[in-house]
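The following exercises ask the reader to describe a protein model from its coordinates. Each task is followed by a solution in steps.

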Amino acid sequence: MRSGAYVFTAGQLPMVDGALPMSGKVGGEVTPEEAKELARICALNALAAVKSVTGDLDRVARVVKVVGFVASAPDFTGQPAVLNGASELLGEVLGDKGVHARSAVGVAVLPMDAPVEVEIQVELTGS
């Protein structure tokens, strides 16, 4: 959704070709390393959502905020390390424009039993 100079994405699951590559809780059925890779996929899907609204990622002035949700086993506390996957991908794709504020939240369950969900907010140029 676009509002003025900003685009807000819905939460993006790590869908690949219409399917989740893995399901379950991080720190349980899913390792933190696997979840970090899934967070990268979520960030790619979020960028695709931004592009669907803007037509061009060159319109992105900066990523303002990233919110990540990690379906966590009860004793798992490594949510920020999992979300590094999304943050690192945004930096790789957008360079300095990918630097952002971030929240990493542990939750009991996510849609479709996904291990990770990511949403982003971007500011556009020339708006």
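A residue is termed buried under 20% relative accessible area, exposed over 50%, and partly exposed in between, with a 1.4 Å probe and protein chains only. The model is predicted: local features need pLDDT of at least 70, side-chain atom pairs count only at pLDDT 80 or more, and totals for chains, interfaces and linings use all residues. Residues are numbered from 1 along each chain as its sequence is written, and side-chain values use heavy atoms, with hydrogens and water left out.

**Exercise 1. Overall architecture**

Task: State the secondary-structure pattern of the protein and compare its radius of gyration with the globule rule.

Solution. Step 1: Assign helices (H or I, at least four residues) and strands (E, at least two) as DSSP runs, numbered from the N terminus. The assignment yields 2 helices and 5 strands, and along the sequence their order is β-β-α-β-α-β-β.

Step 2: Take the radius of gyration over C-alpha atoms, with the globule rule as 2.2 Å times the number of residues to the power 0.38. The protein has a radius of gyration of 14 Å, close to the 14 Å that the rule gives for 127 residues, so it is as compact as a globular protein of that length. The C-alpha trace spans about 45 × 25 × 20 Å along its principal axes.

Step 3: Define a contact as heavy atoms within 4.5 Å. Among contacts with a separation of 6 or more, 85% come from residues 24 or more positions apart.

**Exercise 2. Burial and the nonpolar core**

Task: Determine what share of the residues is buried and which elements supply the largest nonpolar core.

Solution. Step 1: Of the 127 residues, 38% count as buried.

Step 2: Build each nonpolar core as a set of buried Ala, Val, Leu, Ile, Met, Phe, Trp, Tyr and Cys residues joined through side-chain atoms within 4.5 Å. In soluble globular proteins, nonpolar side chains tend to be buried together. Here the largest core holds 29 residues, and those with the most contacts inside it are V26, V82, L90, V116, V118, I120 and V122.

Step 3: Two or more core residues come from each of α1 (32-54), β3 (60-71), α2 (79-94) and β5. Of these, α1 gives the most, with 9 residues.

Step 4: Inspect V82. Not counting residues up to four places away in sequence, V82 touches V26, P32, A35, K36, A39, V70, F76 and V116.

**Exercise 3. Three glutamines**

Task: For Q12, Q79 and Q121, give the location of each and decide whether each is buried or exposed.

Solution. Step 1: Q12 lies in the loop between β2 and α1. Q12 is buried because its relative accessible area is 18%. Beyond four places in sequence, Q12 is in contact with C42, N45, A46, A49, V116, E117 and V118.

Step 2: Q79 belongs to helix α2. With a relative accessible area of 10%, Q79 is therefore buried. Leaving aside residues up to four places away, Q79 touches V70, S72, A104, V105 and G106.

Step 3: Q121 is part of strand β5 (residues 116-124). Its relative accessibility is 19%, so Q121 counts as buried. With residues up to four places away excluded, Q121 touches Y6, V7, F8, V63, V64 and K65.

**Exercise 4. A strand residue**

Task: Characterise the surroundings of V105.

Solution. Step 1: V105 is found in strand β4 (residues 101-107). A relative accessible area of 33% makes V105 partly exposed.

Step 2: Outside four places in sequence, V105 touches G68, F69, V70 and Q79. The C-alpha atoms of V105 and A39, 66 residues apart along the chain, are separated by 13 Å.

**Exercise 5. Positive phi values**

Task: Which phi values do D17 and D113 have, and where do these residues lie?

Solution. Step 1: Most residues other than glycine have a negative phi, and most peptide bonds are trans.

Step 2: D17 has a positive phi, near 55 degrees. D17 sits in the loop between β2 (6-8) and α1 and is exposed, with a relative accessible area of 82%.

Step 3: D113 also has a positive phi, near 60 degrees. D113 sits in the loop between β4 and β5 and is partly exposed, with a relative accessible area of 30%.
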